[in-house]
Amino acid sequence: MKSMMRVFAIGAALMIGGAARAQGLQTGATDHAPAAVKYAEQMPVDQLPDKVRTTVLREAGTKDVEWVRKEGRTGGKVVYHAQLAGAGKVVTLTIAPSGKILSRSGTGMASRRPHKRVKK
């Protein structure tokens, strides 16, 4: 009887954990999200603040805007994350409400800084 109760308890814990994980995936939450994040919500591009929308569209160019997420952090700070994809490249931007790009990461990304020439 005790072993049956243990099996039931373990099964219930796994089901609850799996449901919580699935809910996190549906809302865009990740296991590696910083503890300072209070909320995150997907947003359509047309509902972004003007400066953020301008930055996203400028950076996208001919790429597709896959998603944009507004993230609220402790202390009332807000940042926006946007994922852009096209021509075999995927770029994720972190953007301040002022429109300034705080970080850029991705696959197949070319550097935007020109190479320094070495004088001989």
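A residue is called buried here when its relative accessible area is under 20%. With a relative accessible area of 1%, Ala82 therefore counts as buried. This residue is found in strand β3, and it offers a convenient way into the structure, which is a predicted model.

It helps to begin with the overall layout. The secondary structure of the protein comes to 2 helices and 5 strands, and from the N terminus on the elements run α-β-α-β-β-β-β. Of the 120 residues of the protein, 22% count as buried. The accessible surface comes to about 9,100 Å², and carbon and sulfur atoms make up 58% of that area. Among contacts in the protein with a separation of 6 or more, 38% are accounted for by residues 24 or more positions apart.

The strands come next. The 5 strands form an open sheet in the order β1-β2-β3-β4-β5, with antiparallel pairing. Its edge strands are β1 (37–42) and β5, each of which pairs on one side only. On average, and with direction ignored, neighbouring strands of this sheet are turned by 20° against each other.

Going through the sheet pair by pair, β1 and β2 are joined in the antiparallel sense over 5 bridges. Two residues of β2 can be matched to their partners here: Lys70 in β2 has Glu41 opposite, and Glu71 in β2 has Ala40 opposite. Antiparallel pairing between β2 and β3 extends over 8 bridges, and Lys70 has Tyr80 in β3 as its bridge partner. These two strands, β2 and β3, form a hairpin with 4 residues between them, and Gly75 in the turn has a positive phi of about 85°.

The pairing of β3 with β4 is antiparallel over 7 bridges, and within it Ala82 has Leu93 in β4 as its bridge partner. The hairpin formed by β3 and β4 has 2 residues between the strands; in the turn, Ala87 has a positive phi of about 55°. Last in this series, β4 and β5 pair in the antiparallel sense over 6 bridges, with Val90 standing opposite Thr107 in β5. A hairpin is formed by this pair too, with 5 residues between the strands and with Gly99 in the turn at a positive phi of about 95°.

The sheet has a helix lying across it. Helix α2 lies across β2, β3, β4 and β5, and runs at about 20° to β3. In α2 (residues 50–60), the buried residues are Val52, Thr55, Val56, Glu59 and Ala60. They lie on the same side of α2 because they cover an arc of only 125° around the axis. An α-helix has 3.6 residues a turn, so residues three or four places apart point the same way. The buried residues of α2 pack against β2 (64–73), β3 (78–86), β4 (89–95) and β5 (101–107). On the face turned away from the buried side, α2 carries the exposed residues Asp50, Lys51 and Arg58. The helix is followed by Gly61, which has a positive phi near 55°.

Helix and sheet also share a nonpolar core. The largest such core has 13 residues, and those with the most contacts inside it are Leu48, Val52, Val56, Tyr80, Leu84, Leu93 and Ile95. Two or more residues are given to this core by each of α2, β3 and β4, and the largest share, 4 residues, comes from β3. In soluble globular proteins, nonpolar side chains tend to be buried together.

Two residues of the sheet show how these elements meet. Leaving aside neighbours within four places in sequence, Tyr80 is in contact with Met43, Leu48, Pro49, Val52, Arg69, Lys70, Leu93, Thr94, Ile95 and Pro97. By the same reckoning, which leaves out neighbours within four places in sequence, Ala82 is in contact with Val56, Trp67, Val68, Val91, Thr92 and Leu93. The C-alpha atoms of Ala82 and Thr94 are separated by 6.7 Å, although these residues are 12 residues apart along the chain.

How values were computed: Residues are numbered from 1 along each chain as its sequence is written. This is a predicted model: local features need pLDDT of at least 70, side-chain atom pairs count only at pLDDT 80 or more; totals for chains, interfaces and linings use all residues. Side-chain values use heavy atoms; hydrogens and water are left out. Buried means under 20% relative accessible area, exposed over 50%, partly exposed in between (1.4 Å probe, protein chains only). The arc is that of the directions from the helix axis to the C-beta atoms. Contact means heavy atoms within 4.5 Å. Two strands pair if DSSP finds at least two bridges between them. Axes are lines fitted to C-alpha atoms, for helices over the stretch in contact, and angles run from 0 to 180 degrees between N-to-C directions. Accessible areas come from the Shrake-Rupley method with a 1.4 Å probe; for residues, only the protein chains shown count as cover. A nonpolar core is a set of buried Ala, Val, Leu, Ile, Met, Phe, Trp, Tyr and Cys residues joined through side-chain atoms within 4.5 Å.
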